[in-house]
Amino acid sequence: MGHTRQRNIALLVAGTFFMENLDGTILTTAAPSIGRSLGVPSVAVGIAITAYLLTLAVLIPLSGWITRRLGSRRIFLAAIAIFTLASVLCALSTSLPELTIMRVLQGIGGAMMVPVGRLAVLRVTDRTDLIRAIALLTWPALVAPIVAPLAGGIITTYFTWHWIFLINVPLGIVAFFAALRIIPTEERESPPRLDWLGLVLTCTGLGSLVYLGSLLAERDPGMILTIGWAVVGFGLVGLAIAHQLRAPHPLLDLRALRIETFRLSHAGGSLFRLTVNAVPFLLPLLFQDVFGYSPLLSGALVLFVFVGNLAIKPATTSLLRRFGFPAVIVAASAAAALSMALMALLSSSTPLWVVIVLLTASGVARSTGFTAYNTIAFADVERVEMTDANTLASTLQQLAAGFGVAVGAVALRLGDSFGSGSGAFGFAFAVLALLTALATVEGLLLSKSAGENIRPARG
């Protein structure tokens, strides 16, 4: 397959990723407007956000088996259609229960769109082009959480909350017909019978953990309720892991974790994803609730993280070519940890230009780390194992991203005991910096030759 078509498929899939990521975070800003429109408290709209994230988490493990049975092209087209239709139905909802049900339907489309789309890219991409392809697929996860607060504020201020969903319609239509044209048809496989026990244990366990994360993000979740869901969630996930290590044809094949590069991407890499996804959640709260900045100024400042993302993106391939994966991963995670530690020192008297420089530098580290972790994950995965490894990767990455907000909220609540205002946020950012530093340690232990087989030759 030609390089142009490979690039076009990667760009198409990246666009659908952006829709899915944006819809996971943009609703937070619009919650007060939606609540007024549907006649419920704004905090109650959180159930619609949780329903979407919960559906993504529990259905991603199923996507690998369905893709093998029906083919990635067919499932990807169906996922785009379901997501687009559900977006229309969300906009037409007249009550919170209706909206929540339509968000579940939207999550079904998103759960298939993300891993299946990436698998379609991986299957048509040569190892030598893997870095460029993954770089294209990485930007939606970087951009969406940063753009969402500002985009949600603009849409709800100048239009109505319905347009948060309606903007997906033209994008979905274009994506569907583009996919119809360029995604290649594959021969369908004959996978083993579905691992129903693994499906039940995995889905209920992951669903319980995602719900636990939403509880932890609340100000007063209740001790007994929180402990109960933690016991259920971790207990079911433990049973799921034990079952899938013994099952001959498990729903989630954990063997990919034996590969050093894959394990690094989803151990230290998960810590990295978790903490960098917490930063865009904490920054707007700090700027508005403590510094007294307007929502517009707050959103504009957070966009400088995106500026850093864009600024370094053209250079990521060159950095990996020159220095290799271990050095880039260590440098990116260490720089991200340092930027979070410096965020802990911000105050209302900090000059805006200093804030801008810090957030831009944070975006540089964020983008470089995401690209390196996401690319090295598949460096040593054989093509015949790509479907199983991709499903496992998608599940772990979704959980890490989903728990970012929860960890940020818990750290902020613990920080209240160290003082309100800047003190609480300082503690929260210090916790994130420490967690990110742990990812640096694993990068230091990585083999020097890791990722060499996909590292572009210098020249």
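Contact here means heavy atoms within 4.5 Å. The legends below describe a predicted model.

**Figure 1. Overview of the chain, with its helices and contacts.** The predicted chain has 18 helices and 0 strands. Among contacts with a separation of 6 or more, 85% join residues that are 24 or more positions apart. Of the 459 residues in the chain, 55% are buried. The exposed surface comes to about 19,100 Å², and carbon and sulfur atoms supply 69% of this area.

**Figure 2. Helix α12 against helix α16.** Helix α12 covers residues 268-290 and helix α16 covers residues 352-376; their axes come within 10 Å and cross at roughly 155°. That angle makes α12 roughly antiparallel to α16, the cut-off for this term being over 145 degrees. The crossing of α12 past α16 is left-handed. On the α12 side, the residues in contact are Gly268, Gly269, Phe272, Arg273, Val276, Asn277, Pro280, Leu283 and Phe287. On the α16 side, they are Val355, Leu359, Ala365, Arg366, Gly369, Phe370, Tyr373 and Asn374. Sorted by class, this contact of α12 with α16 holds 10 nonpolar, 5 polar and 2 charged residues.

**Figure 3. Helix α15 against helix α18.** The axes of α15 (residues 325-343) and α18 (residues 422-444) come within 8 Å, with a crossing angle of roughly 165°. The two helices are therefore roughly antiparallel to each other. As α15 passes α18, the crossing is left-handed. Helix α15 contributes Ile329, Val330, Ser333, Ala334, Ala336, Ala337, Met340, Ala341 and Met343 to the contact. Helix α18 contributes Phe429, Leu432, Ala433, Thr436, Ala437, Ala439, Thr440, Gly443 and Leu444. By class, the contact of α15 with α18 has 14 nonpolar and 4 polar residues, and no charged residues.

**Figure 4. Surroundings of threonine 436 in helix α18.** Threonine 436 counts as buried because its relative accessibility is 0%, and the cut-off for buried is under 20%. Leaving aside neighbours within four places in sequence, threonine 436 is in contact with Phe272, Thr275, Ser333, Ala336, Ala337 and Met340. Among these, Ser333, Ala336, Ala337 and Met340 belong to the α15 side of the contact between α15 and α18, while Phe272 is one of the α12 residues that meet α16. The C-alpha atoms of threonine 436 and arginine 273 are separated by 9.0 Å, although the two residues are 163 residues apart along the chain. Arg273 is also one of the α12 residues that meet α16.

**Figure 5. Surroundings of threonine 395 in helix α17.** Helix α17 spans residues 386-415 and includes threonine 395. This threonine 395 counts as buried because its relative accessibility is 3%. Apart from neighbours within four places in sequence, threonine 395 is in contact with Ile60, Pro61, Leu206 and Leu252. Serine 63 lies 332 residues away from threonine 395 along the chain, with a C-alpha separation of 9.9 Å.

**Figure 6. Surroundings of threonine 316 in helix α14.** Helix α14 covers residues 316-323, and threonine 316 is placed in this helix. With 3% relative accessibility, threonine 316 counts as buried. Not counting residues up to four places away in sequence, threonine 316 touches Thr368 and Thr371. The range of helix α16, residues 352-376, is given with its axis crossing in Figure 2.

Key: Residues numbered from 1 in each chain as written. Predicted model: local features only at pLDDT ≥ 70, side-chain atom pairs only at ≥ 80, totals over all residues. Heavy atoms only, no water. Axes fitted to C-alpha atoms, helices over the stretch in contact; angles between N-to-C directions. Helix = DSSP H or I, 4+ residues; strand = E, 2+ residues; numbered from the N terminus. Parallel < 35°, antiparallel > 145°, perpendicular 65-115°, else oblique. Left-handed = near helix turned anticlockwise from the far one by under 90°. Nonpolar A, V, L, I, M, F, W, Y, C, P; charged D, E, K, R; others polar. Buried < 20%, exposed > 50% of the residue type's maximum accessible area, 1.4 Å probe, protein only. Areas by Shrake-Rupley, 256 points an atom, 1.4 Å probe, with all protein chains shown as cover.
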